[in-house]
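Biologist: Please take a close look at one part of this model, beginning at the end of a helix, and then work through what is around it. I would like the geometry and the burial, in connected prose.

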Amino acid sequence: MMLRILAPLMAFGLALQAQTPVKLGVINCATGTQAPIGEYMSNGYKLALEDLQKKGIKVELVTEDDTGKPQVSMSAMEKLVTRDRVAAVVGPYSSACANAVSKLAEKYKVPLLVPVASKEDITRQNQKYVFRLSATTEDYASILISMAQKLGKPKTMAILNENTDFGTSGAKSAKAYAAQVGIQVVMEEAYAAGSPDYRSTLAKVKAAKPDLVFMVSYVADGILLMRQAREVGLQPQAFLGAGAGFASSEFAREQAISNNVFSSTQWTTDVNWPGAKDFGARYKAKFGKAEVPYHAANAYASMMVMAEAAAKVGGDREKLRAELRGGHWNGIMGEVRFIDYSGYTNQNKHQMLVEQIQNGKHETVWPPEYGSKKPVFPFKWK
């Protein structure tokens, strides 16, 4: 009799356990200068929650706004981990914030999955609880410069970057790769993000006559840099933008200055990874957008990976770390696997792509096997 009573009770208990939502934290930039990209990521998370629900995975999401500032991001992480008791955290957006938060993930032994931030050091500190889905600044630089070498014969390059973690890391990676392939860096300058005028810097770049101009900027600075580059008559073989602001729809809409600018990117709507085209169509329909930035796709894939892994282990932090470490996923970002290589720990080795803005739209142009359009080279002002 006792067994007859226990069996349904145990089944009822397992059913309750299966229905218990997994509690995850998200750190994003809903306000501040990086808010436009924060919106892309928020939209990606929303679509992920819809698909997780279809899979029977319930997620209780606790979201914090870090305003794009590392100190605020760290406070958000402390709250999520100690007060909200989340199983894991996805985010934040910027490299400066992600690098700061990674130390707390390790301190509290809470899995952190970085969706977009690309500073190399984030996954080069031998941290066991920090995972990254996105590519690194090294990948951003190498795909652009190698493409330019195949399209032309550049011998020199200038580097302009904002003096943040992301900008500094991107510039360092570009300089190292240029040296590796025999391209001379004739000028390198870091600027304060949000500066009102870059004309004097751009005039120095023009005087150096570089074949390539490699830029690492967020959207507002990227737009101003290109406007003033046109004003001073700077016209290299190619402008190379390391993702971020150059991959945004806001930048693309500035057709007078954005046309034919290249941007490295982690995802496009026409790439042949499973579900990518469908995700792009859903995003456009749901949010009324003409373009789908890679930030949204990275956020979506990161949430899917984290939630599926967390649900599988019942939200246990240590088991979740092991699940992420040994897991393998294949979806809109292609294959995702967190491995150790070249000094990286728990890093996804992601295939980068190159887009070029053609008539106000980002078009995939490189590598050729992924491209939907042919690259326009060399650069000419519209």
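**From a helix end to the sheet**

Modeller: Directly after helix H8 comes Gly 233, which has a positive phi, near 80 degrees. The model is a predicted one, and every value below is computed from it.

Helix H8 covers residues 219-232, and its length can be checked. With 14 residues at 1.5 Å a residue, the expected span is 20 Å, and the end C-alpha atoms are indeed 20 Å apart, so expectation and model agree. Burial in H8 takes in both ends of the helix: Val 219 and Val 232 are buried. Between them, the buried positions are Asp 221, Gly 222, Ile 223, Leu 225, Met 226, Gln 228 and Ala 229. As background, an α-helix has 3.6 residues a turn, so residues three or four places apart point the same way.

Next, the sheet. Seven strands make up an open sheet with mixed pairing, in the order E7-E6-E8-E9-E10-E15-E16. The edges are taken by strand E7 (184-191) and strand E16 (361-366); each has a single partner strand, so one side of each lacks a neighbour in the sheet. On average, and ignoring direction, neighbouring strands are turned by 25 degrees against each other. At the E16 edge, strand E15 (residues 353-358) runs antiparallel to E16, and five bridges join the two. One of the pairings there sets Val 354 against Trp 366 of E16.

Two helices pack on this sheet. Helix H5 (residues 137-151) touches strand E6 (156-162), strand E8 (212-216), strand E9 (238-241), strand E10 (262-265), E15 and E16. The direction of H5 makes about 135 degrees with that of E10. Helix H6 (residues 165-181) is in contact with E6, E7 and E8, and its direction makes about 165 degrees with that of E6.

Strand E6 can be followed at the level of one residue, Ala 158, which lies in that strand. What is its surroundings' make-up? Leaving aside residues up to four places away in sequence, Ala 158 touches Met 187, Val 205, Pro 210, Leu 212, Val 213 and Phe 214. Its relative accessible area is 0%, so Ala 158 counts as buried. For Pro 210, the C-alpha atom is separated from that of Ala 158 by 5.8 Å, although the two residues are 52 apart along the chain.

Strand E9 brings in the aromatic residues. Across the whole structure, 15 aromatic pairs are found. In one of them, the ring centres of Phe 239 and Phe 379 are 4.9 Å apart with the planes at 85 degrees, so the pair is edge-to-face. Phe 239 sits in strand E9 and Phe 379 in the segment after E16, so the pair ties together parts 140 residues apart in sequence. Phe 239 and Phe 379 are both buried.

Tyr 341 and Tyr 344 form another aromatic pair, a tilted one, with 5.3 Å between centres and 50 degrees between planes. Their backbones also belong together: Tyr 341 stands opposite Tyr 344 in E14. Strand E13 (residues 338-341) and strand E14 (residues 344-348) run antiparallel and are joined by three bridges. Further along, Ile 339 is placed opposite Gln 347 of E14. The hairpin has two residues between its strands, and Ser 342 has a positive phi near 50 degrees there. Tyr 341 has 16% relative accessibility and therefore counts as buried, the cut-off being under 20%. Tyr 344, at 2%, is buried by that cut-off as well. E14 as a whole is mostly covered, with five of its five residues buried.

The aromatic residues also include one cluster, formed by Trp 267, Phe 279, Tyr 283, Phe 287 and Tyr 300.

Finally, the cysteines. The structure contains zero disulfides. Cys 29 is in none, and the nearest cysteine sulfur, in Cys 97, lies 7.7 Å away. Why is there no bond for Cys 97? Its sulfur is 7.7 Å from the closest cysteine sulfur, that of Cys 29, and this is too far for a bond because a disulfide needs the sulfur atoms within 2.5 Å. Cys 29 is buried at a relative accessible area of 1%, and Cys 97 is buried at 0%.

Methods: Residues are numbered from 1 along each chain as its sequence is written. This is a predicted model: local features need pLDDT of at least 70, side-chain atom pairs count only at pLDDT 80 or more; totals for chains, interfaces and linings use all residues. Side-chain values use heavy atoms; hydrogens and water are left out. Buried means under 20% relative accessible area, exposed over 50%, partly exposed in between (1.4 Å probe, protein chains only). Two strands pair if DSSP finds at least two bridges between them. Helices (H or I, at least four residues) and strands (E, at least two) are DSSP runs, numbered from the N terminus. Axes are lines fitted to C-alpha atoms, for helices over the stretch in contact, and angles run from 0 to 180 degrees between N-to-C directions. Contact means heavy atoms within 4.5 Å. The expected span of a helix is 1.5 Å times one less than its number of residues. Rings of Phe, Tyr and Trp (its six-membered ring) pair if their centres lie within 6.5 Å; planes under 30 degrees apart count as stacked, over 60 as edge-to-face and the rest as tilted.
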